[in-house]
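The exercises below concern packing and pockets in a protein chain. Work through each task with the coordinates at hand before reading its solution.

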Amino acid sequence: MGLSVDGIVKKYGETTVVDNLSFSMNEPGVFALLGTNGAGKTTSIRIILGMLAADGGTVTWDGKQFLAAEKPVGYLAEERGLYPKIKVIEQLVYFCTLRGMSKDGAMKTLDGWFERMNITEHKNKRAEQLSKGNQQKVQLIAALAPNPELIVLDEPLSGLDPVNAELFKSVIREQIKQNKHIIMSSHQMATIEEFCKDIVILDKGKTVLQGNLNEIKKGYGRVKLTVKAEGDIKPFARECGLSVTEDTPNGTSFNVKSEEQAHELLHKIINSKTPLIKYELREPSLHEIFIEKAGGNDAD
């Protein structure tokens, strides 16, 4: 049955920061919890992990009350935090023993993780001596070394360079292959699309969109058109009733009402003998859907 979140509520005075959030993870995989800053994502995560008490609702695992202290859980928090004056190996061993590992078992496991994350040479340094990216690696190791069944990743790729971002992604893929349940929160929509099957988007604590990402995108249909040509295609677009939504060196984009409208533009370009470089008719990206559903607010 996995994880089930049913109607959780959190209030501070008259302000409701999480309003009746419900979702379930009935099988291993990656679930996305999304929203703008201030939408209630981090508060929801802390309630799920038992770090905050809810004012309503339940969190269960296989039908029983979920207690993170009794079940192996890995948590990479958005607010990064290591003991700056303590050696990396010492605090990681400490974290592992808190999760029930023996000291010898932790040392052996951590050696493998140091090698996997390419930071073996840093294990005896104080945390404050490491770069931010390497500190982030240490905290990912802290989350994953005890081999948790449930993993919560809050902005896991924030601030990483492309090489280390790809390293983190490869580790996440390995965890998926090991049938872990993963909750991911991120503002990097391309990363969410890469990993997540099901999503919830929060806006001011309320759920504004929920479901299987592929099904959500199919529901919109192929309504996004991008064209790049060696010539001005805007007059043809106006004849087809299309207005430009974005114009970049990579092409000109339009919202279309139907595939027929998009094909009409294509025929006009071809008939004019204008060299066509790119013609892409697609479903909206998660980024575009997110902007539509939550983009009107500046207000975790």
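**Exercise 1: Core packing**

In this predicted model, list the contacts that Ile-199 makes beyond four places in sequence, and then place Ile-199 within the nonpolar packing.

Solution. With neighbours up to four places away in sequence set aside, Ile-199 touches Phe-31, Ala-32, Leu-34, Ile-192, Leu-209, Gln-210, Gly-211, Leu-213, Ile-216 and Leu-286. Next, turn to the largest nonpolar core, which has 48 residues, and among these Leu-34, Leu-110, Met-117, Ile-141 and Ile-199 touch the most other members. Finally, a second core of 24 residues is separate, and its members include Leu-3, Phe-31, Leu-33 and Ala-68.

**Exercise 2: Helix H2**

Which residues of helix H2 are buried, and what covers them?

Solution. Taking buried as under 20% relative accessible area, the residues of H2 (88-98) that qualify are Val-88, Ile-89, Gln-91, Leu-92, Val-93 and Cys-96. The cover over these buried residues includes helix H3 (103-116) and helix H4 (132-144). After H2 comes Gly-100, which has a positive phi, near 95°.

**Exercise 3: Two pockets**

Describe the lining of the largest pocket by class, and do likewise for the second largest pocket.

Solution. The largest pocket, with a volume of about 560 Å³, is lined by 22 residues, of which Val-73, Gly-74, Tyr-75, Arg-99 and Ala-142 are the closest to its centre. Its lining has 16 nonpolar, three polar and three charged residues, and strand S6 gives the most, with four residues. The second largest pocket has a volume of about 260 Å³, and its lining has two nonpolar, seven polar and six charged residues, with the largest share, four residues, coming from S13.

Note on methods. Residues are numbered from 1 along each chain as its sequence is written. This is a predicted model: local features need pLDDT of at least 70, side-chain atom pairs count only at pLDDT 80 or more; totals for chains, interfaces and linings use all residues. Side-chain values use heavy atoms; hydrogens and water are left out. Buried means under 20% relative accessible area, exposed over 50%, partly exposed in between (1.4 Å probe, protein chains only). Helices (H or I, at least four residues) and strands (E, at least two) are DSSP runs, numbered from the N terminus. Contact means heavy atoms within 4.5 Å. A nonpolar core is a set of buried Ala, Val, Leu, Ile, Met, Phe, Trp, Tyr and Cys residues joined through side-chain atoms within 4.5 Å. On a 1 Å grid over the protein atoms alone, a cavity is a set of points where a 1.4 Å probe fits but cannot get out, and a pocket is an open set with protein on both sides within 12 Å along at least five of seven lines; lining residues have an atom within 4 Å of a point. Grid points are joined across faces, edges and corners, and a volume is the space filled by probe spheres set on the points. Ala, Val, Leu, Ile, Met, Phe, Trp, Tyr, Cys and Pro count as nonpolar, Asp, Glu, Lys and Arg as charged, and the others, Gly among them, as polar.
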